[in-house]
Amino acid sequence: MQGEVWYPSDDVVAAAVVPDHDALAAAAAADPVGFWADRANELEWFEPWEKTLDDSNAPFFKWFTGARTNIVHNAVDRHISGPHKNKLALIWVGENGDHATYSYFALNREVERMANVIRSMGVRKGDRVTIYLPRIPELHFAMLACAKLGAVHSVVFAGYSADALHDRVNASESKLLITADGAWINGQVFPLKGIVDEALRFSPSVENVIVVRRTGQDVTMDALRDHWYHDLVALPIAKGRCETVKMDAEDPLFILYTSGSTGKPKAIVHTHGGYMVGVYATMKYVFDLREEDRYWCTADPGWITGHSYLVYGPLLNGATAFMYEGGPTYPYPNKWWQLIEYYGITIFYTAPTAIRSLMRFGDAWVNRHDLSSLRLLGSVGEPINPEAWRWFHRVIGKERCPLMDTWWQTETGAFQICPTPSMPLKPGSAGKPFFGQAVEILDEEGRPVPAGQEGLLVLTNPWPAMLRTLYREDERYVESYWSKFPGKYLAGDAARVDEDGYVWVIGRSDDVIKVSGHRLGTAEVESALVSHPVVTEAAAIGLPHEVKGNAIHAFVVIKPGIEPTLELGEQIRQHVGAQLSPIAKPDTVEFVYSLPKTRSGKIMRRVLKARALGQDEGDLSTLEAD
Ligand code: WTA
């Protein structure tokens, strides 16, 4: 094998769920649909499927058609009648020191109580519920309670602003919103309920708001619309069993908004059956789950990583998950290492941006903790540069823990390119396509490029956890993913495959920017920029950043007569933070007289990027003549 390679130790290979990666990969490649049918058979179904894959109306693929199931049956219900009844499902630690643990039995009780409450508010199968909660156990309960009733959850990251929340609530026509009074962030209260009140001013679909008390400050409660959760669960309606609704495998489980290259966010639709099978199997094989594991995924359930590998994946496997409300550096940069030691975390899954930021504090913060419980590490969200990979592997994993760099997307639902622990690893590469998947690297015309050359990444096999469509936007679904290269799923990433078949993802090839692993569309940032009263035109690009991966650089044209001062630049930055989310705040705002555009008026971000990086601007022949 070429380049820097880390070979797994014999004990890791011998103990792995998949000791021979290549053998299973070959078997799955020969019969991908059969591979997935076998995985699905490891779970419980109310009614079996007639067809594993129905591709008769591609790209609207269907999996396990005719089957009846509910993800909650496999994630919770089946465990309480089996050996996992008293096993811990969730260990939770709050930023302020609060903590709680839930066995599978207790988790089921909480989910049933929440589901009874939600049902009492008239929510039925197919209705949408927006969840806007911090990382507290009620977030798990709320997601699972919706799924149990067959309602479609739409989790909105509790760092989004009122406008962003408003758009997502209205686009999904949610009937109910579940939130908290506030969230703890670095010792401060982030006023969630206030944001909700602002967001819901023109949201006719929302009939009720459930408010979990978390931070305890005074909030305004609308007597008709808003209800404290602790009051509701004390009512008789919350008591008693709540039956898990039998769903069609293809019924929607959730929608999750994510950024695209153009226009409004995309509402990705995932289903009960296929998503369940994909998440279950990838979690088991890649994280090599064992009965005694304590697994920590640092992602927020507001993003797909939290959905698949903090909430659903561990539960589907009967595992113990750990969730921490806070961030890595508050009050000190050893917070995470302290938690790993105290709770005996065995599998630790995080993002390169966090690793890069923690690396900068030096090894001493890590070395004062005993991290010997760890046995496997994971990375997600953006390419992990080899330097960060080596630090994570050496300083955190002591060169004994396999490091699984997992490539996937909100759309893919589950891992698509990743190693398994028995496979040799190359720092910076996400490994190989997951079992049953295959990739190609194409040029603009759809021709495969030679090994080692960069091109556009496509997935060539359908997979169970794939998105089914964009909510109420079937055409945009086809257009976004299947129209450039018919029959192949366009990921929107640039990548290359080396001679050993290892995939090296370079980054987005479209107008999506990954900032600290968060996905943002230039279109969203630009619309926040132009909503500032003095900004008439704007363009946003991503520039390489040592810690964040990419940082947003904004170009703005302002009204004539207004002075472009530093203060104004700062005000515009803050405006984007307030309009969209603090994570979307540009690092820099540059005032310009005009923006380079094509004759049809499209902003040429490529030119702006080349200019900002001092590179050759390339072909300018389509540039508008001034
Ligand atoms: C990027 C996050 C390189 C990629 C799960 C993709 C990665 C986008 C990796 C999806 C990785 C995610 N290596 N790049 N291991 N994981 N990405 O929807 O650009 O928030 O298209 O899903 O993140 O972002 P999303």
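Modeller: Let's start with a term: a cavity is a set of grid points where a 1.4 Å probe fits but cannot get out. This model is a predicted one, and the largest cavity in it has a volume of about 30 Å³.

Biologist: How many cavities of 30 Å³ or more are there?

Modeller: The count comes to one.

Biologist: Which residues line the largest cavity, and what makes a residue count as part of the lining?

Modeller: A lining residue has an atom within 4 Å of a cavity point. That gives W36, F415, Q416, F434, F435, G436, Q437 and W463. Phe and Trp count as nonpolar, while Gly goes with the polar ones, so the lining divides into five nonpolar, three polar and no charged residues.

Biologist: On to cysteines. How many disulfides does a search of the whole structure find?

Modeller: Zero. Take C242: the nearest cysteine sulfur belongs to C146 and is 11 Å away. A disulfide needs two cysteine sulfurs within 2.5 Å, so C242 is in no disulfide.

Biologist: And what about C401?

Modeller: The nearest cysteine sulfur to C401 is that of C297, 17 Å away. Set that against the 2.5 Å cut-off, and C401 is in no disulfide either.

Biologist: Are C242 and C401 buried or exposed?

Modeller: Buried means under 20% relative accessible area. C242 has 2%, so it is buried. C401 comes out at 0%, so it is buried as well.

Biologist: What makes you say that helix α11 is largely enclosed by the rest of the structure?

Modeller: Helix α11 covers residues 304-316, and 13 of its 13 residues are buried, so the rest of the structure largely encloses it. Just after α11, G318 takes a positive phi of about 65°.

Biologist: Now zoom out. How many helices and strands does the chain have?

Modeller: There are 19 helices and 31 strands.

Biologist: And why is the chain called as compact as a globular protein of its length?

Modeller: Because its radius of gyration is 24 Å, close to the 25 Å that the globule rule gives for 626 residues. The C-alpha trace spans about 70 × 65 × 60 Å along its principal axes.

Biologist: What share of the 626 residues is buried?

Modeller: By that under-20% cut-off, 61% of them count as buried.

Biologist: And what share of the contacts joins residues 24 or more positions apart?

Modeller: Among contacts with a separation of 6 or more, residues 24 or more positions apart account for 70%.

Definitions and conventions. Residues are numbered from 1 along each chain as its sequence is written. This is a predicted model: local features need pLDDT of at least 70, side-chain atom pairs count only at pLDDT 80 or more; totals for chains, interfaces and linings use all residues. Side-chain values use heavy atoms; hydrogens and water are left out. Buried means under 20% relative accessible area, exposed over 50%, partly exposed in between (1.4 Å probe, protein chains only). On a 1 Å grid over the protein atoms alone, a cavity is a set of points where a 1.4 Å probe fits but cannot get out, and a pocket is an open set with protein on both sides within 12 Å along at least five of seven lines; lining residues have an atom within 4 Å of a point. Grid points are joined across faces, edges and corners, and a volume is the space filled by probe spheres set on the points. Helices (H or I, at least four residues) and strands (E, at least two) are DSSP runs, numbered from the N terminus. The radius of gyration is taken over C-alpha atoms; the globule rule is 2.2 Å times the number of residues to the power 0.38. Contact means heavy atoms within 4.5 Å.
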